[in-house]
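Dear colleague,

Please find below the structure for your review. My findings follow directly after it.

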Amino acid sequence: MRPTDRPVPSRLAAALLAAVCGAPLGGCAYFTPTPTLMPERAEAQVNADLPVPQGFELARDRTWRHERSAYRRLRLTYARQDYLSKERVVEFIKTNYPRQGWEVKFVYGLEEPRLILHKGIEECRVTVTEHGGTAPFTEFVVEVEPRQTPDGALVAGEQKQATTSIPAAPTRETNTSTSPFPPDTAEPGSSK
């Protein structure tokens, strides 16, 4: 066989050789495991049952809260001064809020993911946004208030047992006292 008669390696073989030789030198970011977001320390959280991912800080100028013994209304705005995908924040909320007694009822929105959670008589709404540009940041807003029924009434809480008994109202059969009013003899449903 003459030196000029040697087979020329195909482009596919060259690409395969480059891929095999270059594999140990580097890797793609998509194949590295994404670290789990951990909750922020307790001192950095406003309420213990509303966990915050590490790296997020409370934006005090866009936050308010009103808490009473019977209910609370609050709007907490948290921001992280670097990019973090909104999907990771949503996953954090779906994982950590149920540990605090919240039940995820609904997740919707593609550009701005929104979650609705319930716990007892309270509703929690969370909105997650990413902001790009020269200084990208990620933000999420937590709103908590008493739940309302479709007609606007507040959802009743668990009934507490009365500590004292309420006496039964007297009926015609048990009422032996004389009344200054004549007895009602009209049939139910008829008009007088």
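The accessible surface of the protein chain amounts to about 14,800 Å², and carbon and sulfur atoms account for 56% of that area. The model is a predicted one. Of the 192 residues in the protein chain, 24% count as buried.

The protein chain contains 2 helices and 7 strands, arranged from the N terminus in the order α-β-β-β-α-β-β-β-β. Among contacts between residues at least 6 apart in sequence, 48% join residues at least 24 apart.

I should also like to draw your attention to the aromatic rings. The structure holds 3 aromatic pairs. One of them is formed by Phe56 and Phe140, which meet edge-to-face, with 5.2 Å from centre to centre and 75 degrees between the planes. Phe56 lies in the loop between α1 (11-22) and β1 (57-58), whereas Phe140 belongs to strand β7 (residues 137-146), so this pair ties together parts that are 84 residues apart in sequence. Phe56 is buried, with a relative accessible area of 4%; Phe140 is buried as well, at 0%.

Phe140 also pairs with Tyr78: the ring centres are 5.2 Å apart and the planes stand at 20 degrees, which is under the 30 degrees cut-off, so the pair is stacked. Tyr78 sits in strand β3 (residues 72-80) and Phe140 in strand β7, so that the pair links distant parts of the chain, 62 residues apart. Tyr78 and Phe140 are both buried. Through these ring pairs, Phe56, Tyr78 and Phe140 are linked into a cluster.

Yours sincerely

How values were computed: Residues are numbered from 1 along each chain as its sequence is written. This is a predicted model: local features need pLDDT of at least 70, side-chain atom pairs count only at pLDDT 80 or more; totals for chains, interfaces and linings use all residues. Side-chain values use heavy atoms; hydrogens and water are left out. Rings of Phe, Tyr and Trp (its six-membered ring) pair if their centres lie within 6.5 Å; planes under 30 degrees apart count as stacked, over 60 as edge-to-face and the rest as tilted. Helices (H or I, at least four residues) and strands (E, at least two) are DSSP runs, numbered from the N terminus. Buried means under 20% relative accessible area, exposed over 50%, partly exposed in between (1.4 Å probe, protein chains only). Contact means heavy atoms within 4.5 Å. Accessible areas come from the Shrake-Rupley method with a 1.4 Å probe; for residues, only the protein chains shown count as cover.
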